[in-house]
Amino acid sequence: MKKEPKDMSPQEIRVAMLLAKVTQAELARRLCVSPSMINRVIDGLTVSDRVRRGIASAINMDVKTIWPSTYIYSEPRKQGRPFCGPKEVRDAA
């Protein structure tokens, strides 16, 4: 029987962010989303590939390590809306 990989808990993600010295507000500004969006993605209430990849990048972890149930067997199913931040932020993303 194949054991399903377990995603990191919201608490583990928050601890990793603390260790990386990254706040949710700072990450929200970097990704041009609301701080509550970061919180909802961490808590698993909302799914956003762009925000998940931003969180993974900020804490220097692979997105497949944080959310293996989504990323190990397949990629996200649909493309979200285009990124609409300032040009210099868009180019950096």
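**Helix packing in a predicted all-helical chain**

Let me begin with one contact, in which P10, I13, R14 and M17 of α1 meet N39, I42 and D43 of α3. Sorted by character, the residues of this contact divide into four nonpolar, one polar and two charged. The axes of the two helices, α1 and α3, come within 8 Å and cross at roughly 130 degrees, and α1 and α3 are therefore oblique to each other. I should say at once that what we are looking at is a predicted model, and that every value I quote is to be taken in that light.

Let me step back to the chain as a whole. The chain has seven helices and zero strands, so that, read along the sequence, it follows the pattern α-α-α-α-α-α-α. Of its 93 residues, 30% count as buried. If we take the contacts between residues at least 6 apart in sequence, 45% of them join residues at least 24 apart.

Now back to α1, which runs over residues 10-19 and in which I13, A16 and M17 are buried. Why do these three belong to one side of the helix? They cover an arc of only 100 degrees around the axis, and that puts them on the same side of α1. On the other side of α1 we find Q11, L18 and L19, which are exposed. As for what the buried residues of α1 pack against, the partners are α2 (24-31), α3 (35-43), α4 (49-58) and α5 (63-66). For those who look at backbone torsions, K21, just after α1, takes a positive phi of about 60 degrees.

One of those buried residues deserves a closer look, namely I13, which, leaving aside residues up to four places away in sequence, touches M8, I42, I55, I66 and W67. I13 also appears in the largest nonpolar core, a set of 22 residues, where those with the most contacts inside the core are I13, L27, I38, V51, I55 and W67. To this core α1, α2, α3, α4 and α5 each supply at least two residues.

The second helix pair I would like to discuss is α2 with α3, whose axes come within 8 Å and cross at roughly 110 degrees. Since angles of 65 to 115 degrees count as roughly perpendicular, that crossing makes α2 roughly perpendicular to α3. In this contact Q24, L27, A28 and L31 of α2 meet P35, I38, N39 and I42 of α3, and the residues involved divide into six nonpolar, two polar and no charged. For the contact of α1 with α3, as I said at the start, the division was four nonpolar, one polar and two charged.

Which residues does A28 touch, once those up to four places away in sequence are not counted? A28, which lies in helix α2, touches V33, S34, P35 and I38 on that count. Is A28 buried or exposed? With a relative accessible area of 2%, A28 is buried, because the cut-off for that label is under 20%. Finally, A28 and N39 are 11 residues apart in sequence, and their C-alpha atoms are 9.5 Å apart in space.

Methods
Residues are numbered from 1 along each chain as its sequence is written. This is a predicted model: local features need pLDDT of at least 70, side-chain atom pairs count only at pLDDT 80 or more; totals for chains, interfaces and linings use all residues. Side-chain values use heavy atoms; hydrogens and water are left out. Buried means under 20% relative accessible area, exposed over 50%, partly exposed in between (1.4 Å probe, protein chains only). Helices (H or I, at least four residues) and strands (E, at least two) are DSSP runs, numbered from the N terminus. The arc is that of the directions from the helix axis to the C-beta atoms. Contact means heavy atoms within 4.5 Å. A nonpolar core is a set of buried Ala, Val, Leu, Ile, Met, Phe, Trp, Tyr and Cys residues joined through side-chain atoms within 4.5 Å. Axes are lines fitted to C-alpha atoms, for helices over the stretch in contact, and angles run from 0 to 180 degrees between N-to-C directions. Angles under 35 degrees count as roughly parallel, over 145 as roughly antiparallel, 65 to 115 as roughly perpendicular and the rest as oblique. Ala, Val, Leu, Ile, Met, Phe, Trp, Tyr, Cys and Pro count as nonpolar, Asp, Glu, Lys and Arg as charged, and the others, Gly among them, as polar.
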